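Q: I have a model open and I'd like to learn how to read its helices and ligand sites. Can you walk me through it?

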Amino acid sequence: MTVRVPAKINLCLGVGRPRPDGFHPLATVYQAVDLHDELRITARDDGEITVAVHTEVALPEGSVVPESDDNLAVRAARLLRKHLGDESLGADIVIRKVIPVAGGMAGGSADAAAALVGCNELWGGGLSKLDLEPFAAELGSDVPFLLHGGIAIGGGRGETVSPVLARGGYHWVFATAAEGLSTAAVYAEFDRLAPDAPAEPEVPDALLNALRAGDAHALGLALSNDLTEAALSLRPELADTLDVGLRAGALGAIISGSGPTTVFLAASEQHALDLAMALTSAMNAADVIQSHGPVSGARLV
Ligand SMILES: C[C@@](CO)(OP(=O)(O)O)[C@H](O)COP(=O)(O)OP(=O)(O)OC[C@H]1O[C@@H](n2ccc(N)nc2=O)[C@H](O)[C@@H]1O
Ligand SMILES: Nc1ncnc2c1ncn2[C@@H]1O[C@H](COP(=O)(O)OP(=O)(O)O)[C@@H](O)[C@H]1O
């Protein structure tokens, strides 16, 4: 069986001061975008769960996608099996990795969501996506969103998702970086730079109004990310990439999640092509990718 699962971007990312458990309260709006990993999963009846990764993107320096029990897809399969209570259930998982690794686009979380959906089907678990949500949340803060996809508000530490009234589709350009960024390191830098962050961050009304109206120009102006300063402090050169996109007429430019991928909103497919050309010519990105969203979450094909 094959499962396709998208990457995500955060249209806004409001971050509060850390909770007693160390996680940061978030007020974010996720959008799933047309950049997919694919998992082929076959059943085995000896209780073994294996993973192989075929990487179709340049891996950032120093990054690896583990082909071991540390892979988030394997952790997801093991967690589901524990719930189903049958140790003889096994699977061979082959990941075709297209989502940039350690880029702030939730590629590992996407694979975890896909493994939950695929193994549930393969092993006859009979669980709905809603039933899978608690397992998703245990695996990572942005895994529940990737079960559903589309556009959704993320609250709590990112794991509680609720739908957003939105219309229209959006054209995006992504610029990836040669070196990944650790999510935990960016949050730690945020704590250093913003000791007075609010206890309860909020989603800006302007963003929700832009989505309700399907207005790309208004959305471009409303894009925001509270981790920007922290990501730029660790990677100052990302400011140049954001500048290149804005000078080339992007409706908005932000860092994706904890970075280092940068995200640019275009007015049309042709405009996205122009932006992509400008970003490629500037030669400060590892790769430049055109995409669109929203798209649906993890699904069997
Ligand atoms: C920043 C975001 C924005 O959507 O995405 P990425 O840039 O990683 O894709 C997410 O908050 C990342 O979510 P995810 O990658 O699932 O994080 P987790 O595995 O739950 O946690 C990894 C580490 O990030 C920090 N963390 C994560 C979420 C959160 N609300 N507060 C945190 O402080 C913690 O240090 C934690 O140990
Ligand atoms: N299936 C997977 N795909 C990608 N990374 C994974 C996977 N399983 C574990 N990881 C680990 O998670 C780290 C974060 O990767 P990723 O989810 O791609 O980025 P981000 O958290 O920035 O969105 C990687 O450096 C990798 O070591």
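Here is a short chat about one helix and two ligand shells.

A: Sure. Keep in mind that this is a predicted model.

Q: How many residues does helix α2 have, and how far does it reach?

A: Compare the end-to-end C-alpha distance with the expected span. Helix α2, residues 107–122, has 16 residues and reaches 22 Å, close to the 22 Å expected at 1.5 Å a residue. After α2 comes G124, with a positive phi near 65 degrees.

Q: Is α2 largely enclosed or not, and why?

A: Count neighbours: a residue is buried if 20 or more other C-beta atoms lie within 10 Å of its own. In α2, 15 of the 16 residues are buried, so the helix is largely enclosed by the rest of the structure.

Q: Which residues come nearest to ligand 2?

A: Start with the shell, then ask which elements feed it. Ligand 2 has 22 residues around it, and L72, A102, G107, G108 and D111 come nearest. Elements giving two or more residues are α1 (72–84) and α2, with α2 giving the largest share, four residues.

Q: Where does ligand 2 lie relative to the domains?

A: Check who contributes. Domain 1 (2–163) and domain 2 (170–293) both give residues to the shell, so ligand 2 lies between them.

Q: What classes of residue make up the shell around ligand 1?

A: Sort them by class: seven are nonpolar, 11 polar and two charged. Of the 20 residues surrounding ligand 1, the closest are G140, S141, R157, G257 and S258. Helix α5 gives the largest share, three residues.

Technical notes
Residues are numbered from 1 along each chain as its sequence is written. Chains are lettered from A and ligands numbered from 1 in the order in which they are written. This is a predicted model: local features need pLDDT of at least 70, side-chain atom pairs count only at pLDDT 80 or more; totals for chains, interfaces and linings use all residues. The expected span of a helix is 1.5 Å times one less than its number of residues. A residue is buried if 20 or more other C-beta atoms lie within 10 Å of its own, exposed if 12 or fewer, and partly exposed in between; C-beta atoms are placed from the backbone. A residue is near a molecule or strand if its C-beta atom, placed from the backbone, lies within 6 Å of it. Domain bounds come from an automatic or database domain assignment. Ala, Val, Leu, Ile, Met, Phe, Trp, Tyr, Cys and Pro count as nonpolar, Asp, Glu, Lys and Arg as charged, and the others, Gly among them, as polar.
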